[in-house]
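This briefing covers helix packing, one histidine and the cysteines. The structure is shown below, and the notes are grouped by topic.

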Amino acid sequence: MVMDLDQAQLIEVINSHKQKDVMTALEAFAPEARASVEEVSIDMWGGFTHVIEVLFPNAKIFYDRFHVMEHVNEELNQLRRQMHVKFKGLPHLLWKNREALSNKQWQQLDEGLKGFPYLRIVYEFKEELRQIYEHARTVQGAKRQFQRWIRIAGRFYQKSAQMIEQHWSGICNYFEHRTTSSVTEGINTKIKLIKRQGYGFNNFRHFRLRLLSCFQPS
């Protein structure tokens, strides 16, 4: 999906993740229009980065903060499994933002972590990274905090630390304007509803036209 994040508007649907197919679809937009794009928020699949660099020469790339945290949460869950820590609802409680936990949920998580100090440490590092996203106000400030997190928490989160270092510029660019692709979640929900109402679509062309017509500006 290609979206205008400012207007929360779906503007194209592409039936492929292949770099060549994505580029072909985006080349249909006028060069002047592509040159006017200032920011693009994407996930960290390598193909997307190259596409943006080639077709949107004036755009800064922003790697979505929620995709970064998704990587970290996945590694946290891998560490939990390696420690063989299990109790009802634990993965959900570990992934959820601390402020979003009810008193009962926090008590449940806190009690469960008492017997597993190592897991508590990696959970606190996950929350520390999230707090960088919440409270850092400048790119330079975020860079310093990320560097500290990588230096200390990277001993536990080796894959996530490497991922942040490999995508350094795009991750830190977020703190210029705090651009995210969060509006895509609402659009994704509507698309799932359209698919259910249509009992699925066997023809992608029909599906694409249906989506574009449903998301026309009012």
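Helix 11 passes helix 12 with right-handed geometry. The model is a predicted one, and the points below describe two helix pairs and a few individual residues.

**Helix 11 and helix 12**

- Helix 11 comprises residues 183-197 and helix 12 comprises residues 204-214; their axes come within 11 Å and cross at roughly 125°.
- An angle over 115 but not over 145 degrees falls outside the parallel, antiparallel and perpendicular classes, and helix 11 and helix 12 are therefore oblique to each other.
- On the side of helix 11, the contact is made by Ile191, Ile194, Lys195 and Gln197.
- Helix 12 contributes Phe207, Arg210, Leu211 and Cys214 to this contact.
- By residue class, the contact of helix 11 with helix 12 holds 5 nonpolar, 1 polar and 2 charged residues.

**Helix 8 and helix 10**

- The axes of helix 8 (residues 139-153) and helix 10 (residues 168-177) come within 8 Å, with a crossing angle of roughly 135°.
- Helix 8 and helix 10 are therefore oblique to each other, and their crossing is right-handed.
- Helix 8 enters the contact through Val139, Ala142, Lys143, Phe146, Gln147 and Ile150.
- The partners from helix 10 are Trp168, Ile171, Cys172, Phe175 and Glu176.
- The residues in the contact of helix 8 with helix 10 divide into 8 nonpolar, 1 polar and 2 charged.

**Cysteines**

- Cys172, which belongs to the helix 10 side of the contact with helix 8, has a relative accessible area of 1% and is therefore buried, the limit for that class being under 20%.
- Cys214, on the helix 12 side of the contact with helix 11, has a relative accessibility of 42% and so counts as partly exposed.
- Across the whole structure, the search finds 0 disulfides.

**His71**

- His71 lies in helix 4, which spans residues 65-82.
- With a relative accessible area of 36%, His71 is partly exposed, because this class lies between the 20% and 50% limits.
- Apart from neighbours within four places in sequence, His71 is in contact with Met44, Ser160 and Met163.
- His50 is 21 residues from His71 along the chain, and the C-alpha atoms of the two are separated by 21 Å.

How values were computed. Residues numbered from 1 in each chain as written. Predicted model: local features only at pLDDT ≥ 70, side-chain atom pairs only at ≥ 80, totals over all residues. Heavy atoms only, no water. Axes fitted to C-alpha atoms, helices over the stretch in contact; angles between N-to-C directions. Helix = DSSP H or I, 4+ residues; strand = E, 2+ residues; numbered from the N terminus. Parallel < 35°, antiparallel > 145°, perpendicular 65-115°, else oblique. Left-handed = near helix turned anticlockwise from the far one by under 90°. Contact = heavy atoms within 4.5 Å. Nonpolar A, V, L, I, M, F, W, Y, C, P; charged D, E, K, R; others polar. Buried < 20%, exposed > 50% of the residue type's maximum accessible area, 1.4 Å probe, protein only. Disulfide = S-S within 2.5 Å.
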